[in-house]
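Student: I am new to this structure and would like a close look at a single part. Could you pick one helix and walk me through its surroundings?

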Amino acid sequence: MLVQFSSAIAMQRAIQRIHTLVDAPFLKSFSLNAPKSVDVEYANGIKFSLSAEFLRVYSPAADGKIRSIGGEKVISGRRHVGIMSAEPIGNYGVRLVFDDLHKTGIYSWDYFYNLGSNKFTLMRNYIKSLKKHGLSRDPSKRKSSKDL
């Protein structure tokens with residue numbers, strides 16, 4: 001069955017719904033490579049390296065400097081975001097703290113597996129969404145006092 005999604009957010013939600021029906025394998029290891037990425041490895045031998053930008057854009061938190069454009073939620077300007085820390089949340093997952101002060105997303109081990117399994121499709125849809133709305137992965141340039 002082929003399903004088309006109008007936005008990366010819609011795809012993310014669909015993946016989350018589907019994934020609740022199928023459990024991810026057990027986590028074998030997690031490592032933070034601050035500030036650039038996290039590596040997760042599962043008992044089935046599958047390993048994922050997920051960038052800070054990707055994890056920030058697909059934060060499971062409801063907030064997070066999201067711009068709503070015509071009902072579509074788009075996060076832009078996060079190409080150079082870094083991960084400052086990862087705080088364990090029981091056996092469930094971790095809370096990632098980003099250098100843009102976003103810290104409310106709790107990433108479950110299943111969600112990491114979900115993101116890793118769909119990384120290329122999600123990133124491609126994210127970039128398409130940015131282009132569609134004339135936004136960029138790069139942070140906006142701040143005006144200097146000379147420009148004012």
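Tutor: Let us look at helix 3 and then at two loops. This is a predicted model, in which local features need pLDDT of at least 70 and side-chain atom pairs count only at pLDDT 80 or more, while totals for chains, interfaces and linings use all residues. Residues are numbered from 1 along each chain as its sequence is written, and side-chain values use heavy atoms, with hydrogens and water left out.

Helices (H or I, at least four residues) and strands (E, at least two) are DSSP runs, numbered from the N terminus. Helix 3 covers residues 109-117, and 7 of its 9 residues are buried, so the rest of the structure largely encloses it. Buried means under 20% relative accessible area, exposed over 50%, and partly exposed in between (1.4 Å probe, protein chains only). The buried ones are Trp109, Tyr111, Phe112, Tyr113, Asn114, Leu115 and Gly116.

A nonpolar core is a set of buried Ala, Val, Leu, Ile, Met, Phe, Trp, Tyr and Cys residues joined through side-chain atoms within 4.5 Å. The largest one here has 28 residues, and Leu50, Leu55, Tyr58, Leu96, Phe112 and Leu115 touch the most other members. At least two residues each come from strand 2, strand 3 (47-51), helix 2 (52-57), strand 7, helix 3 and helix 4 (119-132). Helix 3 gives the most, with 5 residues.

Now for the loops. Leu101 sits between strand 7 (93-98) and strand 8 (106-108). Leu101 has a positive phi of about 75° although it is not a glycine, and at 68% relative accessibility it counts as exposed. In the loop between strand 1 (27-33) and strand 2 (37-42) lies Pro35, and the peptide bond from Ala34 to Pro35 is cis, with omega near 0°.
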